[in-house]
Amino acid sequence: MADLDEDFLDDLNDLDDSDEEVEEETQENGDSTEQSKEDNQLEGSKDGFEKPKPVVVPDRNQYKQLSEVSKLLHDATFLKLLNTIREYKTKKDEELNFQTKESIHYQTVMQTNEYVSEINNEITLIHKFVKDLYYEKLPELESLVFSPLEYVKTVKKIANIDDVTNVDLSAILPRNTIMAIHVTSSTTSGKSLSQSDLEKVMEGCDDVLKLDAIKREIFEFVESKMELIAPNLSNLIGSSLAAKLIATVGGVVALSKIPASNVMVIGAQKKALHGFSAANAGHHRGMLIECDLVKMAPPEFQVKHLRMVATKTVLAARVDAYNQSPTGEEGRKLRKGIEDRSEKVMAKPEAKTKKALPTPDEKPRKRRGGKRMRNLKAKYAMTEVRKWANRMKFGEDAQQEFRETGHGFGMLGKDGSGKVRITKKAQKILPNKKQKIIPGTVTSGLASLAFTPVQGIELMNPDIHVRKPTQPNTSGNYF
């Protein structure tokens, strides 16, 4: 026992020494003694509990300076390309060659389209940079205004003003969004920005507006040359919409490789509902919803028209990508097909006509013959009794019904009703029964009187009909 006690005390001392070492290490790292004990218990617990993972909070100050996100406005290649486009605007179409892909003018336009996607990405980054800084002033604003352009314009209007209700936002936002901003600003936990942060926010807003103006300038240039770049697509959906679509995607070839289901949602933006119904929000609808073929359709048929336009848009882009129809005739055919199909889709269904029944066949039907059918007819044929029960004698009153059943006896049992006809089978059997004794035979001594239907009263021997017993066969022959 003494040895066991000593071993147990040694184990306890070892545990105490290990705990002291852990505490010393945590103190050296700047941690408190209580935290080290809790971590030691969590990590070494026998119940299998793990140390909780820290919650990852998104870094709102990922970019410290605006120059880290706003680069295109200081890019020499981009500015040179922008100046080239401005020179092309002053020239006539005859001086430019957009028909062949190898021409420098066509390559310039395609390069410009690629820069449009970069402009959109940079606007998104600057928008995030402005949101992260302006979060301290009005944190609820980013959940009310989703569009980067509208958010930037709203921030420039509000700036560092404490009372937002005095700011006129009617030219930027709809009324329901303005009302939501006024309500949330009265209960917000935000505070005014410092002068340096406010200058960064205003500078970021200015860069977003400049990039948006450059993007619209590129759209206008591409739109003016769409009849030469993509004639079929322009004839199908219009030059303005075709220019936006090509510029957003990055070229005609890039558009021709996108499935129709994805083309339908290109340019879709998230909308703020502010508690209103999402039935008419128009989700999963991109810039093709602006096409006149879709707008002219009733609301219940717009989704079908949008799908048709997206499908034909991809076909027209493939035709333009390989320059198969420079005159745009194929685009006009596709548009004509959508218009014809639209009439069929929106046409009301024809009312169901009540068709008259066909004329009955008055010819006698062929019936099955044979023994089975004859037996079936005999089984359900009307008997002589039923025939006489259905007859009425002329000049007599109607008979009374039998026990309130609604049926009477007719001429059954009355004078003149005649005799029930017997069948041929019964007539063949009848002569063999003429000699038989009928009921009512009177027997007296050795003779008896019998009443027969043939001879009337007749003396008969009553023992004549008694069957004699058969004699046994003693001859040994079978017969």
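This passage describes the confidence, nonpolar core, helices, backbone exceptions and charged pairs of a predicted model.

Across the protein chain of this predicted model, the pLDDT averages 75, and 68% of the residues score at least 70. Confidence is not uniform, however, since over residues 29-58 the pLDDT stays under 50, and for this stretch the model has twelve contacts beyond four places in sequence. In residues 433-447 the pLDDT is likewise below 50, and this segment has 17 contacts in the model beyond near neighbours in sequence.

The largest nonpolar core comprises 83 residues, and the members with the most contacts inside it are Tyr-134, Val-155, Ile-181, Val-201, Ile-237 and Leu-288. Helix H4 supplies the largest share of this core, namely twelve residues. Tyr-134, when its neighbours within four places in sequence are left aside, is in contact with Leu-141, Tyr-151, Val-155, Ile-158, Ala-159, Leu-193 and Val-201; of these, Val-155 and Val-201 are also listed among the core residues with the most contacts.

Ala-159, one of the contacts of Tyr-134, is located in the loop between H5 and helix H6 (175-186). Its phi is near 55°, a positive value in a residue other than glycine, whereas most residues other than glycine have a negative phi. With a relative accessibility of 18%, Ala-159 counts as buried.

Ala-159 is also touched by Lys-137, a residue of the loop between helix H4 (104-134) and helix H5 (148-158). Beyond residues up to four places away in sequence, the contacts of Lys-137 are Ala-159, Asn-160, Ile-161, Asp-162, Thr-188, Gly-190, Lys-191, Ser-192 and Leu-193; Leu-193 and Ala-159 are, in addition, contacts of Tyr-134. Lys-137 is buried and yet has no salt bridge, the nearest side chain of opposite charge being that of Asp-162 at 4.6 Å. This separation of 4.6 Å does not meet the criterion for a salt bridge, because the side-chain nitrogen must lie within 4 Å of a carboxyl oxygen.

Under that criterion, the count of salt bridges comes to nine. Side chains of opposite charge can pair when their charged atoms come close. One such pair is formed by Glu-217 and Arg-86, whose closest N and O atoms are 2.8 Å apart. Glu-217 belongs to helix H7 (residues 195-224) and Arg-86 to helix H3 (residues 76-90), so this salt bridge ties together parts that are 131 residues apart in sequence. The two partners differ in their surroundings: Glu-217 counts as buried at 17% relative accessibility, while Arg-86, with a relative accessible area of 37%, is partly exposed.

A further salt bridge joins Arg-335 to Asp-292, with 2.6 Å between the closest N and O atoms. Arg-335 lies in helix H15 and Asp-292 in helix H13 (residues 292-295), so parts 43 residues apart in sequence are tied together by the pair. Here Arg-335 counts as buried at 18% relative accessibility, and Asp-292 as partly exposed at 33%. Both residues are linked with Glu-339 in a network of salt bridges. Within helix H15, Lys-336 also forms a salt bridge with Asp-340, the closest N and O atoms being 3.0 Å apart; the two residues are four places apart in this helix and are therefore separated by about one helical turn. Both are partly exposed, Lys-336 with a relative accessible area of 44% and Asp-340 with one of 33%.

Helix H15 (329-346) is preceded by a loop that connects it to H14 and contains Asn-323. Helix H14 (residues 302-321) has 20 residues and reaches 28 Å from its first C-alpha to its last, close to the 28 Å expected at 1.5 Å a residue. Just after H14, Asn-323 takes a positive phi of about 55°, although Asn-323 is not a glycine. In contrast to Ala-159, which counts as buried, Asn-323 is partly exposed, with a relative accessible area of 38%. A positive phi is found in a glycine just after helix H10, where Gly-250 takes a value of about 115°. In helix H10 itself (residues 239-249), the buried residues are Ser-239, Leu-241, Ala-242, Ala-243, Leu-245, Ile-246 and Ala-247.

Note on methods
Residues are numbered from 1 along each chain as its sequence is written. This is a predicted model: local features need pLDDT of at least 70, side-chain atom pairs count only at pLDDT 80 or more; totals for chains, interfaces and linings use all residues. Side-chain values use heavy atoms; hydrogens and water are left out. Buried means under 20% relative accessible area, exposed over 50%, partly exposed in between (1.4 Å probe, protein chains only). Lys and Arg count as positive and Asp and Glu as negative; His and the chain ends are not counted. Contact means heavy atoms within 4.5 Å. pLDDT is the predictor's confidence in each residue, from 0 to 100. A nonpolar core is a set of buried Ala, Val, Leu, Ile, Met, Phe, Trp, Tyr and Cys residues joined through side-chain atoms within 4.5 Å. The expected span of a helix is 1.5 Å times one less than its number of residues.
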